[in-house]
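Student: I would like to learn how to read a fold, step by step. Where do we begin?

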Amino acid sequence: MKKIMKSSISISFYKTFLSVIFLMASATFYAQEANLPKAKTGDFWEHVRFGGGFGLAVGNDYTDATIAPSAIYNFNEHFAFGTGLQFSRLKKKHYYSSDLYGGSLIGLYNPIEEIQFSLELEEVNVHNQYTDLGGNFKESFWNTGLFLGAGYQEGNVTIGARVNVLYDKDKNVYGSAFMPFVRAYF
């Protein structure tokens with residue numbers, strides 16, 4: 001019973017949290033839009049960049065593959081905002097498999113050309129299956145991550161690290177709150 005109550009409380013918290021983030025982002029973008037000169041027709045796509053990330057790790061009976069396409073809109077040389085998708089598959093033969101899919105919102109700030117700060121809100125659906133625990137145990141849940149990041153940018157590529165401030169060690173999503181990243185937009 002406690003688990004059900006805790007789950008409904010956390011769902012309510014996440015809905016409230018996401019609503020507040022959405023309202024804050026809407027107000028911020030409205031304020032920025034009010035100060036921008038009127039764009040010419042077709043000018044929108046000149047400010048959009050596509051990219052994202054992908055990863056592949058293969059070992060002895062182990063596979064970890066991720067694809068995460070995204071797009072951002074550059075408001076100016078300092079600020080950008082975008083959205084992305086993510087799909088990950090992790091498998092350790094005869095032991096464990098996990099599928100993650102979801103989306104994210106990302107804000108980027110470059111105080112100077114070489115330095116990039118990021119704020120990323122990620123929502124992923126997680127499906128874990130354990131096959132070596134005396135049976136076949138499955139779990140599915142949604143996980144919200146709020147990542148604060150910093151990196152060094154050279155051209156279209158940024159290398160850095162991010163930390164999930166909502167990290168929960170009891171959820172089997174990420175092994176650590178701290179994660180390195182390589183991000184590219186073209």
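Tutor: Begin with the order of elements. Along the sequence the pattern is α-β-β-β-β-β-β-β-β. That is one helix and eight strands. Keep in mind that this is a predicted model.

Student: In what order do the eight strands close into a barrel?

Tutor: The order is β1-β2-β3-β4-β5-β6-β7-β8, with antiparallel pairing. On average, neighbouring strands of this sheet are turned by 25° against each other, direction ignored.

Student: How do I read the pairing of single strands?

Tutor: Count the bridges, then look at partners. Take strand β2, residues 62-74. Eleven bridges join β2 to β3, and the two run antiparallel. Here I67 stands opposite F87 in β3.

Student: How many bridges pair β3 with β4?

Tutor: There are 14, again in the antiparallel sense. Strand β3 covers residues 79-92 and strand β4 covers residues 96-112. One of the contacts to find is K91, whose bridge partner in β4 is S97.

Student: What sits between β3 and β4 in their hairpin?

Tutor: Three residues lie between the strands. Check the backbone there: H94 takes a positive phi near 65°.

Student: And which strand does β4 meet through 15 bridges?

Tutor: That is β5, residues 115-130, running antiparallel to β4. The hairpin from β4 to β5 passes through two residues. I112 has I115 in β5 as its bridge partner.

Student: Now the side chains. What is the general idea for a strand?

Tutor: In a regular strand, side chains alternate between the two faces of the sheet. Nonpolar side chains in soluble globular proteins tend to be buried together. Now look at this case. Of the 186 residues, 28% count as buried.

Student: Which residues make up the largest nonpolar core?

Tutor: Eight residues: L100, V124, V126, F141, F147, V173, Y174 and M179. Strands β5 and β6 (137-154) are the elements that give two or more residues to this core. Another core lies apart from it. That one has five residues, among them I72, A80, I106 and L108.

Student: Is L146 buried or exposed?

Tutor: Buried, because its relative accessible area is 14% and the cut-off is under 20%. L146 belongs to strand β6. Now compare sequence and space. L146 and N164 are 18 residues apart in sequence, yet their C-alpha atoms are 5.3 Å apart.

Student: How do I read charged pairs?

Tutor: Side chains of opposite charge can pair when their charged atoms come close. This structure holds two salt bridges. In one of them R89 meets D99, with the closest N and O atoms 3.0 Å apart. R89 lies in strand β3 and D99 in strand β4, so the pair ties together parts that are ten residues apart in sequence.

Student: How accessible are R89 and D99?

Tutor: R89 is partly exposed at 29% relative accessibility. D99 is partly exposed too, at 22%.

Student: Which side chains meet in a salt bridge at 2.8 Å, N to O?

Tutor: Those of E120 and R162. This pair links distant parts of the chain, E120 in strand β5 and R162 in strand β7 (residues 157-164), 42 residues apart. Both E120 and R162 are buried.

Student: Where does R162 lie relative to F147?

Tutor: Over the face of the ring, at 3.7 Å from its centre. Recall that F147 is also part of the largest nonpolar core. A further charge over a ring is R183, over the face of F181, at 4.1 Å from the ring centre.

Student: How do I describe two aromatic rings?

Tutor: Use the distance of the centres and the angle of the planes. The structure holds eight aromatic pairs. One of them is Y95 with Y96. The centres are 6.4 Å apart, with 40° between the planes, and the pair is tilted.

Student: How accessible are Y95 and Y96?

Tutor: Y95 is partly exposed, with a relative accessible area of 38%. Y96 counts as buried, at 15%.

Student: Which residues form one aromatic cluster?

Tutor: F44, W45, Y73 and F75. Find Y73 within β2, which spans residues 62-74.

Conventions. Residues are numbered from 1 along each chain as its sequence is written. This is a predicted model: local features need pLDDT of at least 70, side-chain atom pairs count only at pLDDT 80 or more; totals for chains, interfaces and linings use all residues. Side-chain values use heavy atoms; hydrogens and water are left out. Two strands pair if DSSP finds at least two bridges between them. Helices (H or I, at least four residues) and strands (E, at least two) are DSSP runs, numbered from the N terminus. A salt bridge is a side-chain nitrogen of Lys or Arg within 4 Å of a carboxyl oxygen of Asp or Glu. Buried means under 20% relative accessible area, exposed over 50%, partly exposed in between (1.4 Å probe, protein chains only). A nonpolar core is a set of buried Ala, Val, Leu, Ile, Met, Phe, Trp, Tyr and Cys residues joined through side-chain atoms within 4.5 Å. Axes are lines fitted to C-alpha atoms, for helices over the stretch in contact, and angles run from 0 to 180 degrees between N-to-C directions. Rings of Phe, Tyr and Trp (its six-membered ring) pair if their centres lie within 6.5 Å; planes under 30 degrees apart count as stacked, over 60 as edge-to-face and the rest as tilted. A charge sits over a ring if NZ of Lys or CZ of Arg is within 6 Å of the ring centre and within 35 degrees of the ring normal.
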